[in-house]
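Okay, thanks for coming, everyone. I'll put the structure up and walk you through a few spots.

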Amino acid sequence: MADIEKILGKGSFTREDIISLLSVNGEERTLLFRRSAETKEKYIGKKLWFRGLIEFSNICSKDCLYCGIRKGNSNLLRYNLDDEEIITTARFAYDNSYGSVALQSGELESPIVTARIENLLHRIKDLSDGKLGITLSVGEQEPEVYRRWFEAGAHRYLLRIEATNESLYSKIHPDNSKHLFKRRLSCLKVLQDIGYQTGTGVMIGLPFQTLDDLAGDLLFFRDFNIDMCGMGPYIEHADTPLIKYAGELMPLQERFDLTLKMIAVLRIMMKDINIVAATALQAIDPIGREKAVMIGANIIMPNITPGQYRKNYKLYDNKPCTDDSAEDCQNCLEARVSLTDTEIVYGEWGDSKHYDRRRKGMDLG
Ligand code: SAH
């Protein structure tokens, strides 16, 4: 216990410190979670912002070995919402004071995709008088494409690095030019340089992954100075190549617990960034996202994808909320969040405070 208290008292954690923190149990675990909850309260408040998540297409040109919507999976129906459906869904978010939407899809690069998303960004800005914040999460693109979308109104971008240890990265991706660690990394740098609030993250409990890898992930987030983070448990999907390692994984409950610890340590390390309570947490624990909010997350992405498409955006088995409508998700989340002593902030973007501070070159003090 003394050790953990000592580590928590430090201004900056080493790799060994982080490994110790990720290994805590019992009272030490309570102490870690208490410290991260206090940090969130002090720097962010007991608050939570929504990003209405529109999973607008599951068509993907990549073949990531863990992902259910990978190109090679022929066991699912591919869909692509039309522009009017996306606009209607964004209007739902605006009418319900969500503050922001997040547009996410499989990864495609083409002039048609670039122009389409640019046009959608303009339309979403127009329908909301510029008031709806927009996060994009549509994968690796050329710098010019990211620039055009930024100019069209997207101000946040989520691109999970998935694993920051390059050797682990190469074990969970095909070995070809479409899945280069270096490109993913350079995309993140470009996004940051253009001026996006830049978010990344990893999966937790992957085959071959060690606590040392996870400590490296957290150090990477700090050194890269990210503004936002989304980390969730890895959950196997029967129609993916990684399923062959299912027997070697840590139990789901342990993956869940380790994810909460990762969120807690990151909150203490990066006090004012936005941290998402990932949907995958809820695939393991019915109130998994709320638990993450209580210990340090401040963003939830309620799914507002039109109901009939949801079951086909199946990244992993048991993905929750696939039978619901957008209204169901809102009512359900409001009820759940009310149990956590947290205020849902409506009608605000809920930008990363870290981003402002980073841009102004300020210290937390
Ligand atoms: N490919 C897009 C986003 C769609 S997938 C992009 O990167 O821009 C969104 C996220 O789902 C991925 O970044 C990945 O971290 C997560 N994911 C995919 N398969 C998963 C699985 N089997 N278990 C848990 N999370 C998974």
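Quick bit of vocabulary before we start: when I say strand, I mean a DSSP run of E, at least two residues, numbered from the N terminus. And keep in mind that this is a predicted model.

So, have a look at strand β6, residues 197–200, where you'll find threonine 198. Is that threonine buried or exposed? Threonine 198 has a relative accessible area of 0%, and the cut-off for buried is under 20%, so threonine 198 counts as buried. Who's around it? Setting aside neighbours within four places in sequence, threonine 198 touches Tyr157, Leu188, Leu191, Gln192, Ile226, Asp227 and Met228. With glutamine 192 there's a bit of detail: its backbone nitrogen sits 3.5 Å from a polar atom of the threonine 198 side chain.

Next, two helices. The axes of α5, residues 111–127, and α6, residues 143–151, come within 9 Å and cross at roughly 15°. Angles under 35 degrees count as roughly parallel, and therefore that's what we call α5 and α6. Their crossing is right-handed. On the α5 side the contact uses Val113, Thr114, Ala115, Ile117, Glu118 and Leu121, and α6 brings Val145, Arg148 and Trp149. Sorted by type, that's six nonpolar, one polar and two charged.

Last stop, backbone angles. Most residues other than glycine have a negative phi. Serine 97 has a positive one, near 60°; it's in the loop between α4 and β3, and is partly exposed at 33% relative accessible area. Aspartate 341 also has a positive phi, about 60°. That aspartate is in the loop between α14 and β11, and is exposed, at 51%.

Technical notes:
Residues are numbered from 1 along each chain as its sequence is written. This is a predicted model: local features need pLDDT of at least 70, side-chain atom pairs count only at pLDDT 80 or more; totals for chains, interfaces and linings use all residues. Side-chain values use heavy atoms; hydrogens and water are left out. Helices (H or I, at least four residues) and strands (E, at least two) are DSSP runs, numbered from the N terminus. Buried means under 20% relative accessible area, exposed over 50%, partly exposed in between (1.4 Å probe, protein chains only). A polar contact is a pair of N or O atoms within 3.5 Å; within protein, one must be able to donate a hydrogen and the other to accept it, and residues adjacent in sequence count only if both atoms are side-chain atoms. Contact means heavy atoms within 4.5 Å. Axes are lines fitted to C-alpha atoms, for helices over the stretch in contact, and angles run from 0 to 180 degrees between N-to-C directions. Angles under 35 degrees count as roughly parallel, over 145 as roughly antiparallel, 65 to 115 as roughly perpendicular and the rest as oblique. A crossing is left-handed if the near helix is turned anticlockwise from the far one by less than a right angle, and right-handed if clockwise. Ala, Val, Leu, Ile, Met, Phe, Trp, Tyr, Cys and Pro count as nonpolar, Asp, Glu, Lys and Arg as charged, and the others, Gly among them, as polar.
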